Amino acid sequence: MKVAPTARQVRLVSTDQSRAAPGATPQLARIGVSLPGALLSQVDQMVAERGLPGRSQLIAELIRHEVAEVDRESGEAVRAGTITLIYRADSGRVRHALARVQSEFVKEVISSQHVFLEDDQSLEVLLVQGSGERLQQLCDRLRGVRAVQQLKLVTTTSLLPPLHAHGNAPSDEVDAAPRKATG
């Protein structure tokens, strides 16, 4: 007797098992997922709104976000990403408190962009890179600033290229540096 998969059961079927090495992860896999009708309608609406060719792209994106979330929470792996903050900017003390926290994480905060919103609110986006643990600490400290209303960290496993020469500059940069005229 064959049991139909429920919303909690997922079946993984490789579409190219004949070429895969034993124990290797297939490049493309097919899964079956059961969803309530209302949720499937919302998925289809999101696919249409985003102009995606099908559900697979949306579902893969959602899974990638969740995997990154789990990975970010677990450890020392370096991540790049953004932290988006919305806060009340009634006084300069709030921005000063946020700047003070950011200065404690100067190695992780690459840059920031700030804009004023209506009703004494501000939007700030930080470009960050660091270990998942360290980025989570930064978020926790920013959340501790009283006027912060919303905070969202989005990360990726892809990293930013080196931004600063730490230590010695590459030899061609040294050669191109202006030299004092001797006389």
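Partly exposed residues have a relative accessible area between the buried range, under 20%, and the exposed range, over 50%. Glu61, at 30%, is therefore partly exposed. The close-ups below all come from a predicted model.

**View 1. Glu61 and Arg50 pair up between helix 1 and helix 2.** Here the two side chains meet in a salt bridge, with 3.4 Å from N to O. Glu61 belongs to helix 2 and Arg50 to helix 1 (residues 37-50), so the pair ties together parts that are 11 residues apart in sequence. Arg50 has a relative accessibility of 43% and, like its partner, counts as partly exposed. Searching the whole structure gives 5 salt bridges, and two others have their own views below.

**View 2. A salt bridge joins Glu104 to Arg141.** The closest N and O atoms of this pair are 2.5 Å apart. Glu104 sits in helix 3 and Arg141 in helix 4, so that distant parts of the chain, 37 residues apart, are linked. Both ends are partly exposed: Glu104 has a relative accessible area of 40%, and Arg141 has a relative accessibility of 38%.

**View 3. Glu108 meets Arg134 in a salt bridge.** The N to O distance in this view is 3.1 Å. Glu108 is in the loop between helix 3 and strand 4 (109-116), while Arg134 is in helix 4, 26 residues apart from it. Is each partner buried or partly exposed? Glu108 is buried, since its relative accessible area of 10% falls under 20%. Arg134, with 28%, is partly exposed.

**View 4. Nonpolar side chains form a patch on the surface.** The members are Ile31, Val33, Leu35, Leu39, Ile59, Ile63 and Val67, and together they have about 530 Å² of accessible area. Which element gives the most to this patch? Look to helix 2 (residues 55-73), which supplies 3 residues. Ile63 is found in helix 2, and its relative accessible area of 45% makes this residue partly exposed.

**View 5. The largest nonpolar core has 21 residues.** Those with the most contacts inside the core are Ile83, Leu85, Val128, Leu138 and Leu142. At least two core residues come from each of strand 3 (78-88), helix 3 (92-104), strand 5, helix 4 (132-143) and strand 6. Val128 is a good place to start exploring: leaving aside residues up to four places away in sequence, its contacts include Ile83, Leu138 and Leu153. Glu108, the buried partner from View 3, is also among the residues that Val128 touches.

**View 6. Gln129 reaches the backbone of Leu160.** Gln129 lies in strand 5 (residues 121-131), and its side chain comes to 2.7 Å from the backbone nitrogen of Leu160. Beyond four places in sequence, Gln129 touches a set of residues that includes Val78, Arg79, Ala80, Lys107, Ile110, Leu135 and Leu159. Glu108 is one of the residues touched by Gln129, just as Glu108 is touched by Val128.

**View 7. Ser158 sits in a loop between strand 6 and helix 5.** The loop runs between strand 6 (148-156) and helix 5 (171-176). Ser158 has 47% relative accessibility and counts as partly exposed. How far is its C-alpha atom from that of Gly81? The two C-alpha atoms are separated by 8.9 Å, although the residues are 77 apart along the chain. Gly81 may be a familiar name, as Val128 touches this residue too.

Notes. Residues numbered from 1 in each chain as written. Predicted model: local features only at pLDDT ≥ 70, side-chain atom pairs only at ≥ 80, totals over all residues. Heavy atoms only, no water. Patch = residues over 30% accessible without salt bridge, like charges linked within 9 Å, V, L, I, M, F, W, Y side chains within 5 Å. Areas by Shrake-Rupley, 256 points an atom, 1.4 Å probe, with all protein chains shown as cover. Salt bridge = Lys/Arg side-chain N within 4 Å of Asp/Glu carboxyl O. Helix = DSSP H or I, 4+ residues; strand = E, 2+ residues; numbered from the N terminus. Buried < 20%, exposed > 50% of the residue type's maximum accessible area, 1.4 Å probe, protein only. Polar contact = N/O pair within 3.5 Å; in protein donor to acceptor, adjacent residues only side chain to side chain. Contact = heavy atoms within 4.5 Å. Core = buried A, V, L, I, M, F, W, Y, C linked by side-chain atoms within 4.5 Å.
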